Structure formats: structure tokens, C-alpha cells
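Subject: Handing over the structure

Hi there,

Here is the structure I promised to pass on to you. Please have a look at it first, and then read on for what turned up.

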Amino acid sequence: MCAEPNDRSDDGPATRAVHAGEHADAATGAINTPVYRSSTFRFDSTDDLLAGQRGERPGFYTRHGNPNFAAVEAKFAALHGSEDAVVFASGMAAFAAIVLGTLRSGDRVVALADLYGGTRVLLEEVRARFGITTTYIALHDEKALRSALVGAMLLVAESPTNPTLRVADVAALGRAAKAEGVPFAFDNTFATPVHLRPIPLGVDFVYESATKALGGHSDLLAGLVAGSKQALAPVRAARKTYGGIPDPESAWLLERGMKTLVVRVERQSATSLVVARHLEAHPNVRRVFHPMLASHPDHALAKRLMPTGSGGMVTFACRGGLDAARRVADRVQLIANAPSLGGVESVLSLPLYTSHSYLSPAERAAIGVTDDLVRLSVGLEDAADLCRDLDRALRE
């Protein structure tokens, strides 16, 4: 159970990001949560120990919980307006705990086909090892979705999608899942709680790779899941059983990063749109994917679901195919050629070689991941400098 934060229910998102989940140090008056680098905790009595084992205090044995975990869990829960949250060693560990904590052999998952490559690999692994099968549905095929949900035990989706930034109708998915009594797990990594809070739209498990925008500084690995206490009970139990916990210092770094989440993501969203518009006018760019561009196929839906922006991601297809995309990756100087996203520095990668390298050519083609795609994560640099760097890299 995450620690009870100060009552932040009337506060705005930036205030929640800074103050929710704070652990005051009465002994020193330290303004920041200390790092609790301890594997175990002392108790005054057996009754006190049993209370800790039940999760009624944040420290017991760090595989079960730690005050640094409790701080980020309370902050994430406050940002999403959820009852509870659970922190993990990575975003994939968070998703694995949802799957392994809630499903049994013979169960069936329904997933939108547009998913991060690692998510699809995990779903294939549990199929092969545990007999948990997955039915993949095209992004906006509501008829097929309703049919597939009959008898399913979990719905999985992400939006905006990685890397083509397609936008799912989260509310429609939530209604369809609820109608069949199917729990809904949703990857909100790209939008973050700054731009999208999916729980009011019918989502049961909101999970994010905290390695990305939540941490924001490319210096930690972590994942988080938000939801009700009841829904998260088996997910928290799976973390304890399988041991997918972060290091306390990583949790401390994550808490620090989350304090600036709102201002960072707002700046990155604004800059990414400037860069997207610049790329859309470039003669050596075949297509640009950004939900806030009028040319995006889901633009109207994106504006309705995420009126304040869609995050710091821009994906573009180069004229000249894979060779041209590789030249861009090799030529950038200010932007780093690196396989992650969400940090204060801008990075780009080729999904063919990174996020979707696990998929077959046919699987990539089915979701629009072509060989000429470049995925760009916009950081906090000035837009003009990023555009100049891209122009230099895009020269023939």
C-alpha cells in the first residue's frame, strides 16, 4: 500500500508533482525524502512487525516495500487521481506483474496491435511458457474488439503508440472492456499524466515506463502502475513474489525527477510541435507523425483526449528509405543517436533497430513501422537548434 500523501486533492498537477508523497524528516527538517538504503527495518514489537508486513507502514523488508518506494507511489497515484500505485524496477517489470499477477494458464488477452515491441515479446513469451494467448486487434476496429473481448481476461493498449504516435479512443476501449467485465491495462508512457489521465476513462491499470519522462534525466530504470487498491493487490503481490523492485536510490532519483515532470513535459510538448511542423515542410521528409498536426489521422481524437498536448515525441519517415534514415541517425550532432526517450536531452533512434527490432518484417509492416522511420524524443533544447541539427542531418 502506498503511503498516504498530504491531502492534495484540490491542488493542480504541478503542485501534486512537487508535494504529493513527501516524507518529512522530523529529526533534521530535511526538505527532501532521505534515501532509505536499508534492506530491512527494525520493529518495536511483534505487533508492530505484523503491521509492517500488512503494508500499514512503508518499511518492512525492501522486497516488500521501502519509504522511497512509498514516496513515488503516492506521487504517481496523486498525479493520476488513483487510490494506489506500485513502483517496479522497469516499465517491463510493471507490465509483467500485471500479466503474471492477474492471469492464469489458459486465459486470453486482447491487445491493440500497435504496441511497443517489448510488450508484444512479453505477450508471446507468456503464450509459449504459460499458455496465455493474445488476440491482436487493429487500432480502431471496434466491431472486432467487442467480439474479441467476449471471454477475455485482460485488454492491453497504449496511446500515443510507439513509434507511429497513433491515438486510441481510450474511453471507447474502457466502455467496451467494462461491458464484458474485462480489466483494462493501458500504457501511458508517451502522454504521461500531464496530458492524459486514463483512469476516469475506464482504465484499471495505468502503467508507465518511469525510465522515460517521469524520471526525465536518463539516469534510472523504473516503472509504475496506478489503479485501485483492490485491482493492484495481485500486482503488488507479484512484485513481492518475483522481486521486480527498484533500488531505493533509483526510487529517490525518480521522486526528484517527478517533481519537475509538469514543466518539463509542457516544454517538450510545445517544442515537439514546432519541430514536427518544421519537418513536415522539409523536402527530404516523406511523412511526419505528431498527434497535434492536422495531417495526423487521429488528430481530432487527440485534441479531444489530450487538449494540452501529446508529449515530446515526433516520428518521421525519410525520403530515400532506410539508407536515408541511417544517414540522419549518423549525422546528428546535438541530438543523440540513442535507444530511449523522455530525457532532458533530445535523442533519436530507428525503430527497425531498437524498439521494434524484436518483430518480424510482416509484423512491423502491419502496424506501419517502416524501415525509413526515425523516432525523435524532444528534450529541453531550443527548438531552433534542434531544427538546425535535423536540417544538417537531412541534407542529401
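Which residues form a nonpolar patch on the surface? They are Leu100, Phe130 and Tyr242, with about 300 Å² of accessible area together. Patches are made of residues with over 30% relative accessible area and no salt bridge, where like charges are joined within 9 Å and nonpolar side chains (Val, Leu, Ile, Met, Phe, Trp, Tyr) within 5 Å. Accessible areas come from the Shrake-Rupley method with a 1.4 Å probe, and for residues only the protein chains shown count as cover.

Two notes on how to read all this. This is a predicted model, in which local features need pLDDT of at least 70 and side-chain atom pairs count only at pLDDT 80 or more, while totals for chains, interfaces and linings use all residues. Residues are numbered from 1 along each chain as its sequence is written, and side-chain values use heavy atoms, with hydrogens and water left out.

The patch member Tyr242 is found in helix 9 (residues 229-242). Helices (H or I, at least four residues) and strands (E, at least two) are DSSP runs, numbered from the N terminus. Tyrosine 242 is exposed, as its relative accessible area is 54%; exposed means over 50%, buried under 20%, and partly exposed in between (1.4 Å probe, protein chains only).

Now the chain as a whole. Its secondary structure comes to 15 helices and 12 strands. The radius of gyration is 21 Å, close to the 21 Å that the globule rule gives for 396 residues, so the chain is as compact as a globular protein of that length. That radius is taken over C-alpha atoms, and the rule is 2.2 Å times the number of residues to the power 0.38. Buried residues make up 55% of the 396 residues.

Strand 9 (residues 313-318) is a good place to look inside: 6 of its 6 residues are buried. Met313, Thr315 and Ala317 point one way from the strand, and Val314, Phe316 and Cys318 point the other way. What does strand 9 pair with? Strand 8 (residues 285-289) pairs with it in the antiparallel sense over 4 bridges, and strand 12 (residues 373-377) also runs antiparallel to strand 9, joined by 5 bridges. Two strands pair if DSSP finds at least two bridges between them. Valine 285 stands opposite cysteine 318, and valine 314 stands opposite leucine 376.

A search of the whole structure finds 17 salt bridges, each being a side-chain nitrogen of Lys or Arg within 4 Å of a carboxyl oxygen of Asp or Glu. One of them joins glutamate 124 to arginine 127, with the closest N and O atoms 2.9 Å apart. Both residues lie in helix 5 (residues 117-130), 3 residues apart, about one turn of the helix.

Another joins arginine 286 and aspartate 372 (2.9 Å, N to O). This pair links distant parts of the chain, 86 residues apart: arginine 286 is in strand 8, and aspartate 372 is in the loop between helix 14 (361-366) and strand 12. Arginine 286 counts as partly exposed because its relative accessibility is 41%, whereas aspartate 372, at 8%, counts as buried. Glu73, Asp84, Arg236 and Arg239 are joined into one network by salt bridges that share partners.

Enjoy exploring it!

Best wishes
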